[in-house]
Amino acid sequence: MTNERCGTGRGWREATEEALYGPRGFYRRPEGPAGHFRTSVHASPLFAGAVARLLCRVDEALGGTSELAFVDMGAGRGELVTGVLGALPAEVAARTRAYAVERAERPAGLDHRIEWCAHPPKGVTGLLFANEWLDNVPLDVVEADTSGVPRHVLVEQDGTEELGEPVVDGPEAEWLARWWPLAGEPGLRAEVGLPRDAAWAAAAGTLERGAAVAVDYAHCRAARPPFGTLTGFREGRETPPVPDGSCDITAHVALDACALPGAQLLTQREALHALGVSGGRPPLSLAAADPAAYVRALSGAGEAAELTAAGGLGDFGWLVQPVGVRVRDLLLVDVADDEEQ
């Protein structure tokens, strides 16, 4: 259990903001996120290919458009947007305007077709895609004290925690009551997702028409983790979260709280299957007819299996937010009460 307040710590939201995005923040470092953890983008080019197919379906649902936007939120060093451009059919690529939204500096050698920006463009038509972006939107943490009252968790730069002021009314208390109620047992924790809800609404709101998709570690109200998910990553290993700029600081996302009217929640496994990514083995007959093609197909099947694996990347949540289109036209899934937005 966290100590009662006795020091000068800050809330986790403020501390994380500086640790990740300040002048010496983790995401300002030259190696970028890929130097410390592996996402679906880094696991296989099949992921970028699937996102490219989704962009094409958005284009079809819109009836074709003279300029089709692809907005990569939290773009890292531009790996996903680069892969998507490379996977698009030539005719669609010629009409696509690509944006990489990231707070770090533009990396050297990035494709000149990609616009690097600190904020998503407004009033565009197309697909906004946020892969593991929301989990790095800083938020505050609360913990039930010895009386069961939720209090802000304060943190020093070395990671030492203490309890601060109680959260008994106001927007944070209302959010907790609706989305992550604590049972009053001392030591239970919650991560207050209000900043992420606002960040997602603002990002999706930049679209004139199309779809916004968030992909992340996620949980829903019926199965919130009792002690939260706040953690750190450094050089490929999970580590205690220390807000000194030396490690990533992340927490899983309450995607159900982020969802706006008309949204659909899926697992990555369901979404990628709908986009043609399958981990099935190629037929053995191909091994005899074309051994090289069989090896390539087998490798692709292995990568697809990793992207869709239960207990791994396949369990990631996909939040699909349509804007003037229908979800069923994008992922070919039957969605109840899916009306044009």
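The protein chain folds into twelve helices and 15 strands. The model is predicted. The chain has 341 residues, and 54% of them count as buried. Its exposed surface comes to about 15,200 Å². Carbon and sulfur atoms supply 52% of that area.

How do parts of the chain meet? Take the contacts in the protein chain with a separation of 6 or more. Residues 24 or more positions apart account for 71% of them.

Salt bridges give a closer view of such pairings. A search of the whole structure finds 14 of them. Three pairs and one network are worth a visit.

Start with Glu143 and Arg189. Their side chains meet in a salt bridge, with N to O at 3.1 Å. Glu143 sits in strand 6, which covers residues 140–144. Arg189 belongs to strand 9, residues 189–192. The two are 46 residues apart, and the pair links distant parts of the chain. Are these two residues buried or exposed? Both Glu143 and Arg189 are buried.

Next, find Arg151 and Asp145. These residues also form a salt bridge. Their closest N and O atoms are 2.7 Å apart. Here the two partners fall into separate classes of accessibility. Asp145 has a relative accessibility of 5%, so it counts as buried, because buried means under 20%. Arg151 reaches 22% and therefore counts as partly exposed, since that class runs between the 20% limit and the 50% limit.

Now move to Asp315 and Arg269. Their salt bridge brings the closest N and O atoms to 3.2 Å. Where does each partner lie? Asp315 is in the loop between helix 11 (291–307) and strand 15 (317–323). Arg269 is in helix 9, residues 268–274. The partners are in separate elements, so the pair ties together parts that are 46 residues apart in sequence. Asp315 has a relative accessible area of 37%, so this residue is partly exposed. Arg269 has 26%, so this residue is partly exposed too.

End with a group rather than a pair. Which residues make up one network? Arg10, Glu14 and Glu18 do, joined by salt bridges that share partners.

Look back over the stops. Glu143 and Arg189 form a buried pair that joins strand 6 to strand 9. Asp145 is buried, while its partner Arg151 is partly exposed. Asp315 is partly exposed, and so is Arg269.

Terms used: Residues numbered from 1 in each chain as written. Predicted model: local features only at pLDDT ≥ 70, side-chain atom pairs only at ≥ 80, totals over all residues. Heavy atoms only, no water. Salt bridge = Lys/Arg side-chain N within 4 Å of Asp/Glu carboxyl O. Helix = DSSP H or I, 4+ residues; strand = E, 2+ residues; numbered from the N terminus. Buried < 20%, exposed > 50% of the residue type's maximum accessible area, 1.4 Å probe, protein only. Contact = heavy atoms within 4.5 Å. Areas by Shrake-Rupley, 256 points an atom, 1.4 Å probe, with all protein chains shown as cover.
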